[in-house]
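Thanks for making the time this morning. I would like to walk through one protein chain with you, going from the overall fold to a few individual residues, so please keep the structure in view while I talk.

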Amino acid sequence: MAQDSSGGKRTLADGRHLRFVVRNGWEFVERPGISGIVVILGLTDRGGLVLATQWREPVAAWVVELPAGLAGDLPGHETEELANAAKRELREETGFEAASLEPILTGPPSAGVSSEVVTFFRARGLRRTGRGGGEGDERVRTHVVPLARLGGWLAAMQARGVLVDPKVLAGAHLLREEIDEGTYE
């Protein structure tokens, strides 16, 4: 076990993408070598929420997610800015590009097991410029679901055995608030 200089944190194991650590008696994982995690929240001009489904081995299931990814994970781009990662991930996963991206919320998705912090970006002015599908061996499927029909669509996906990432519901809530407040563009 290697001793880390940051507050008594000890590394218990290193994997290719994760590090298992303990600090103050609390075991958790962290992702070394990234500058952040981005989640993209965007509606098309027709009110369709842009979603992705992909196979997630840890839960052995397809999962409905908002487009998302890591910043700083590409060789030569270790200090990648979050907005640039959001732009890249949106394009890679879904084939959409945004006229603008704005950070709207930052927080931990699973604070009891991981040091990860995600930043939600609001994507505006979406236009489809490519096919998406992910990079390398990723098998990402893109879906554009009317926000008004999201609940029924998610229920149908769950009935087929597809899991739903709760960030989808959090994102839909943020968009509905925007619409209700009249700040939706």
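Among the contacts that join residues at least 6 apart in sequence, 60% link residues at least 24 apart. Please bear in mind throughout that this is a predicted model.

As for the secondary structure, the protein chain has three helices and 14 strands. What radius of gyration would a compact globule with 185 residues have? The expected figure is near 16 Å, and the protein chain, at 17 Å, agrees with it. Measured out along the principal axes, if I may put it loosely, the C-alpha trace spans about 55 × 35 × 35 Å.

Turning to the surface, the protein chain exposes about 10,400 Å², and carbon and sulfur atoms supply 51% of that area, while 39% of the 185 residues count as buried. On the charges, there are 22 positive and 26 negative ones, and their mean positions lie 5 Å apart.

Now to the interior. The largest nonpolar core has 21 residues, of which Leu49, Leu51, Val64, Leu66, Leu147, Leu150 and Val168 touch the most other members. Several elements give two or more residues to this core, including strand 6 (48-56), strand 7 (61-65), helix 2 (150-159) and helix 3 (166-181). Apart from this core lies another, of twelve residues, with Ala86, Leu90, Phe96 and Ala123 among them. If we look at leucine 66 in particular, and set aside residues up to four places away in sequence, its contacts include Val39, Ile40 and Leu41, then Leu49, Val50 and Leu51, and also Phe120 and Val168.

Let me finish with two individual residues. Proline 146 belongs to strand 13, which covers residues 141-146. Is proline 146 buried or exposed? With a relative accessible area of 32%, proline 146 is partly exposed, because that value falls between the 20% and 50% cut-offs. Beyond its neighbours within four places in sequence, proline 146 is in contact with Gly47 and Gly48, whereas its C-alpha atom is separated by 19 Å from that of phenylalanine 121, 25 residues away along the chain.

Arginine 139, in turn, sits in the loop between strand 12 (127-128) and strand 13. Its relative accessibility is 52%, and because exposed means over 50%, arginine 139 counts as exposed. Even so, arginine 139 is in contact with Thr53, Gln54, Trp55, Trp62 and Gly133, leaving aside neighbours within four places in sequence.

Technical notes: Residues are numbered from 1 along each chain as its sequence is written. This is a predicted model: local features need pLDDT of at least 70, side-chain atom pairs count only at pLDDT 80 or more; totals for chains, interfaces and linings use all residues. Side-chain values use heavy atoms; hydrogens and water are left out. Helices (H or I, at least four residues) and strands (E, at least two) are DSSP runs, numbered from the N terminus. The radius of gyration is taken over C-alpha atoms; the globule rule is 2.2 Å times the number of residues to the power 0.38. Buried means under 20% relative accessible area, exposed over 50%, partly exposed in between (1.4 Å probe, protein chains only). Contact means heavy atoms within 4.5 Å. Accessible areas come from the Shrake-Rupley method with a 1.4 Å probe; for residues, only the protein chains shown count as cover. Lys and Arg count as positive and Asp and Glu as negative; His and the chain ends are not counted. The place of a charge is taken as NZ of Lys, CZ of Arg, CG of Asp or CD of Glu. A nonpolar core is a set of buried Ala, Val, Leu, Ile, Met, Phe, Trp, Tyr and Cys residues joined through side-chain atoms within 4.5 Å.
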